[in-house]
Amino acid sequence: MSEAASQTPAVGETLAPGARPHRDVRPASAQAPASATALALARKVGAGRGARLVHLASSERRAEEIGRALAGFAPALQVLVLPPWDCLPYDRASPSRDIMGRRMRVLQQLAKGGRACVLITSPEALVQKLPPKETLAAAFLDLERGQVIDREALAAFAAATGYVVDDRIDEPGEIAFLGEVIDIYPADAARPVRIVIEDNRISEMRTYDPLSQRSEGDVEVLHLGPASELIFSPGPDGASPERAPGAEHAMAQHYGALASLFELLPKARLSTDAKALARLAEVEDHVLDAFEARTSLGGGGVEPASPDALHVLALALKTAMTGWSNARLDVGGFAPMTNLALQRNPGRAFCDLVDNHRQAHRRVVLTGLRQELRPMARALARGLDLKPKPVADWSAALSAERGGVVSVELDLDTGFVEAANDLVVIAASDVSGGRTAARAATSVQDLLAEPDLRPGDVVLHEDHGVGVLRELARIEIDGVGRDTLQLEYHGGDTLQAPVEEIGRIWCYGAEASAVTLDRLKGDGWAKRRADVHRHLETTAEQLVVLAKARQERQCAPIVPPKAAYAKFAARFAYPETPDQSAAIEAMLGDLASGRPMDRLVCGDVGFGKTEVALRAAAAVALSGRQVALAAPTTVLARQHVETFRRRFAGTGIGVAHLSRLVTPAEARAVKQGLESGEVHIVIGTQALGGKDVAFDNLGLMIIDEEQKFGAALKGQLRALAEDGHLLTLTATPIPRTLQAAMIGVQDVSVIASPPARRRPIRTFLAPFDAASLRMALLREKRRGGQSFLVVPRIEDIAPIGQQLESLVPELQVRVAHGGLAPEEADAVMVGFADGEGDVLLATNIIESGLDVPRANTMIVWRPDRFGLSQLHQLRGRVGRGRTQGVAYLLSDPQDDLSEATRARLSTLEAFDRLGSGLAISARDLDLRGGGDLVGEDQAGHVRMIGAGLYQRLLARAVQVARGEAEAADWTPDLSLGDPGAIPSTTFLTR
């Protein structure tokens, strides 16, 4: 059942072009590239007859890669990928709705029978049982344009199949009933669908972008599947039972018996990856251990179902697998593609590789998505004066002449060489080191646009002050119906604002329970508004002075030597994201402008801010001037030193370290070198702001994690760069900095595009549960990773440590907190980053910059005692690679969270998408206010009137202070006719 025992090198091993691998270089456990396995499957299906083919990949990620590649190689073939649940066995959390939706869609396709298909799955998914086929009739619903729609029946279907009702659709498995419009995000779909209803019939359906709300394409028939594997039967009143978190783990009790893949495909053929069978044994151990932990430690409420009820294990698994016939894959002739990204000059190495294979009369096929093929074509044009021939599909690529080079849009993660067929496939990631996402660069305005208004939001009416938007209500005036926005004020008083005034109503941002509403007939709002106007006039005048002084300041332009800088940039082992490229280009433009740079780079953890800093440092240092980088912690400073020394090796530019980790003698030598100009780059902590630190010719000051520095220290660091440039990096900017960026006082670059295929961190908020804690830590250990367990106070370390000793005695626990000697804490954290220990029990001392590549699980005890930005930074410590990262926010089960606290923490669950750091900071700005932009008052005036209105008023005040003509207020003129109401079929967002 396994891959042929070929002796090709492991993925990433370098092969000289045209060379054949030695028979003894590949370990027996090594696997063929996923793309090669997919091609072997395509050939196996083409040559086979009858039974369906199941391929067991060694991991979920590899199953996805094989599935994507196979769909490209054989577009006419039905390719199904069955994912496993993305939660722990016997967990208190449910699997994600998109995972369950995909699994149910696969179940439906398998139950149909007939059509030949290939099912790709993983050990976790193979052993996990599915709902019985009898549930499918109630689990799927087709909606067709023109048909009569029953809203109540659709609502009942959504409740029974696990959809969550919301007023705005963001994630799979959500539905919103908005009058004559219904938005639904099918659980197994890539985009949500907007359904428009006229006269109780579906007049149109179209997919749309959930962020921009822009329509993308028409839909004639919507095949709507479930968002859960637990399908309820509605009661006599049409209502379904309440769906508790983790309810899917009780499916066996609900259905009576579950189905397995072996029952659905009784006569399938089976092929496996080389490592898949060993992984099956690990999965079985994990399930059994999770069951034992749940039964012995409790905490789950309902008695857990037996492992055999939910999984196919032990003898039953062995018997079932022998019932499938063996479909041996021939992958012995495939060799992995050279990892060109590791070469000193990947572009040159790529051209040499292509040229050598052409000379050997091999067919060279370049693969990637459209945006990935373009740079490959440019490299060949520059290096070989060669233009690859674009072809439509894989079959056309195979028809190309030998010695030719073609390109085809195929989604392969790695390439391969098949010498026997003179075939060379080079994937984009083989050259660039990673995948490139397709999206345009992002601006701060894109991310911080004024949000849509929803019922229940706290709003501010420019004439009446702070209230709560309750509903869009229709009232009758002189026999004419008019739409109004119903606003509630202090004491329950209501204001019916005409819908035409929506341009004067702003989102305030805070929770209704946390604000004092204005009185409709009081003068509090008028006084507050006058106070804010006076403050804005003063602030605007000061800002104009600051901006004018900045514009008048001049410095020598910095333009790095082209060849040396290009060589340095080429050593970056990954493709630049669009936002990264835009930030680097803007930074280089600032340095060459002849005016001092003051640029803020905002980007989530792991999105590539450090590379922007490295490019800036290279540009300045290669031009002969000095660079300083200030980090908030010694651990982060040390990691930066290692990174910078590695990248600047061989350039003749030295990197010095200045923090408490260096000896007094080393510190003196560094300071002397800075003053004499012998030290080109220095990286340190607050020590850089010391009075005894002087520079010979400082050209650039970089402040990393600026939110961790106090205003006074930042002022000292800025003063050092008075005659040079300033670059500030942050993942979650403090409100004051964010506010300055939003009004243009500081130049801003936003890095919101994540590395391609990096996964969001799944975030769960739940009460502490000993069994779930044990399972989470052991799962991470089994997949070769490490875990963090973070507590809010040093006194929490000892009791939590004792629990860990009893729950997971087999794991090595390291401890770090601020009460340790600095050298000891640093040694623990650096050692953990180097792989020492399984769990790091720590306070939030690990929040900034600790890069642990193997860490994928973050557990936070008492998250209510942390700030939003702190929690976001903490969960950013995990999932830095391709492995799914998970964050568990575990509250004290003896201490119920208040509604306000629960709402605040739910922000982390809601903003669990990649790149959400700025959104969280904007939320923090709404809740806390921005601080005075030109003073030290952290309360600020933003909170008095809300961020949105503050932005507009301040921009207007700045225009006046500059002597510019004040732009008149503009709001759309709504001509609603008679009656004065918005037609019910119209869907508007603010």
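Start by selecting P557: setting aside neighbours within four places in sequence, this proline is in contact with L591, A592 and G594. You're looking at a predicted model, by the way. Where does P557 sit? You'll find it in the loop between α17 (524–552) and α18 (562–569). Is P557 buried or exposed? Its relative accessibility is 53%, and the cut-off for exposed is over 50%, so P557 counts as exposed. Now add R595 to your selection: the two residues are 38 apart in sequence, yet their C-alpha atoms are 7.4 Å apart in space.

Next, try two cysteines. C555 is buried, with a relative accessible area of 13%, and C602 is buried too, at 1%. Buried means under 20%, so both values fit the label. If you go hunting for disulfides, the count is 0.

Time for some strands. Strands of a sheet pair through backbone hydrogen bonds, either parallel or antiparallel. Select 465–477 and 480–488, which are β21 and β22: they pair in the antiparallel sense over 9 bridges. To see one matching pair, click L469, whose bridge partner in β22 is L487. Then look at the turn, where 2 residues lie between the strands and D478 takes a positive phi near 55 degrees.

Keep β22 on screen and add 494–498, which is β23. These two strands are also antiparallel, with 5 bridges. T484 stands opposite P498 here. This hairpin has 5 residues between its strands, and G491 has a positive phi near 80 degrees.

Now move along to an open sheet of 6 strands, paired in parallel, in the order β32-β37-β36-β33-β35-β34. Which strands stand at the edges? They are β32 (762–767) and β34 (813–816); each has a single partner strand, so one side of each is left without a neighbour in the sheet. On average, neighbouring strands here are turned by 20 degrees against each other, ignoring direction.

Zoom in on β33 (786–790) and β35 (839–842), parallel strands joined by 4 bridges. Within this pair, S787 stands opposite V839.

Two helices to add before you finish. Select 797–807 for α26, which packs on the sheet and touches β33, β34, β35 and β36 (855–861). Its direction makes about 155 degrees with that of β35. Then pick α28, which packs on the sheet as well, touching β32, β33, β36 and β37 (886–891), at about 150 degrees to the direction of β36. Helix α28 covers residues 868–875, and 7 of its 8 residues are buried. Among them are L868, L871, H872 and L874.

Notes:
Residues numbered from 1 in each chain as written. Predicted model: local features only at pLDDT ≥ 70, side-chain atom pairs only at ≥ 80, totals over all residues. Heavy atoms only, no water. Disulfide = S-S within 2.5 Å. Buried < 20%, exposed > 50% of the residue type's maximum accessible area, 1.4 Å probe, protein only. Contact = heavy atoms within 4.5 Å. Pairing = 2+ DSSP bridges. Axes fitted to C-alpha atoms, helices over the stretch in contact; angles between N-to-C directions.
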